[in-house]
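The following note concerns the model shown below. Its points address nucleic acid contacts and salt bridges in turn.

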Amino acid sequence: MPELPEVEGFKRYLDATSLRQRITSVKVRDTYVLQGISARELAQALKNHRFENSRRHGKHLFVRADDHLWLRLHFGMTGSLQYLNGDEEPPKTARVLFHFAKSNHQLAFDDQRKFGEVGLIKNVDEFLKKRGIGSDALDIGFPEFKSILRKHGGAVKAILLNQKRIAGIGNLYADEILFRAKVHPAANARRLSDRDLATLFRATRYVLEKATVRRTDGDQLPKSWLMTHRGKEGKCPRCGHKLKSGTVGGRTSWFCARCQKRK
DNA sequence: CTAGATGTTAAGGT
DNA sequence: CACCTTAACATCTA
């Protein structure tokens, strides 16, 4: 489930395993994943280069292979990375394999449900601009956060989910953030007070940062979180009330109707 | 068998 | 223009 914390986890994983090794070949097993580039072009461009460093923005991961050459990864709904030893068989759903010189290791871009994207770009900032991606959710300061929510009406959750406004928050963490801030997902953003917005901002940072740490350590998310109770039989970890669900911003939302008032 | 699932986007309606 | 809903993509699981 790659939202910001998971993609940050992939970044750290890639940084820890795959930097500074000469790339000997790139195999694309399924070309649906490629965006604006052919398998041959991708392989040709990366061959004999090394991944130097990486950068995450929202749910995108960019890996620098040269001054003007960045690999772009988006994980869709089910994407992930796996670093494999020479004798390890990549999973069937590995769509792209980056082969390294060092003892036949390879990095696999796995993507069961085929919503992922792999591309090559020259300039990360230009790419983000062209796509209209907003500021990263952990990069944003309160003044910017506030003005984004003040500027747009509609359900607060829809704004949090909109990557053009704030990048990195997906359906599950949006619910978690709203739960923590005690804000109803369908509440109109314009009707939130300054105090609500401040709480929401703090909740956003807390949830995303905490989830990133938990993920990195391989720990479960806290039981006090909504996410671990999502589902029909779920009860609010704060008040014990049965959780409710509804559609907001086109996605299923879980929330506690007692703790999260619509206002 | 059916519905729904972490993401994104397009199309259509109000 | 602002906002909403629905559908679509591919595949798996409850």
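1. Which backbone N or O atom lies 3.4 Å from a phosphate oxygen of DNA strand C? The atom belongs to Ala155, and the pair is a polar contact, that is, two N or O atoms within 3.5 Å, where pairs within protein must also join a possible hydrogen donor to an acceptor and residues adjacent in sequence count only through side-chain atoms on both sides.

2. On the basis of the note: this is a predicted model, in which local features need pLDDT of at least 70 and side-chain atom pairs count only at pLDDT 80 or more, while totals for chains, interfaces and linings use all residues. Residues are numbered from 1 along each chain as its sequence is written, chains are lettered from A and ligands numbered from 1 in the order in which they are written, and side-chain values use heavy atoms, with hydrogens and water left out.

3. Two arginine side chains also approach DNA strand C through an N or O atom: that of Arg113 is 3.0 Å from a base nitrogen, and that of Arg190 is 3.4 Å from a phosphate oxygen.

4. The residues near DNA strand C (a heavy atom within 4 Å of it) include Gln112, Lys114, Phe115, His152 and Gly250. By class, this surface has two nonpolar, five polar and three charged residues; Ala, Val, Leu, Ile, Met, Phe, Trp, Tyr, Cys and Pro count as nonpolar, Asp, Glu, Lys and Arg as charged, and the others, Gly among them, as polar. Of the strand's atoms within 4 Å of the protein, 62% belong to sugar or phosphate and the rest to bases.

5. The whole structure holds 15 salt bridges, each a side-chain nitrogen of Lys or Arg within 4 Å of a carboxyl oxygen of Asp or Glu. One of them joins Arg150 to Asp194 at 2.7 Å between the closest N and O atoms. Arg150 lies in helix α4 (residues 142-151) and Asp194 in helix α7 (residues 194-217), so the bridge ties together parts 44 residues apart in sequence. Helices are DSSP runs (H or I, at least four residues), numbered from the N terminus.

6. Within helix α1 (residues 4-17), Glu8 and Arg12 are four residues apart, about one turn, and their side chains form a salt bridge of 2.9 Å, N to O. Glu8 is buried at 13% relative accessibility, whereas Arg12 is partly exposed at 38%; buried means under 20% relative accessible area, exposed over 50%, and partly exposed in between (1.4 Å probe, protein chains only).

Methods
Helix = DSSP H or I, 4+ residues; strand = E, 2+ residues; numbered from the N terminus.
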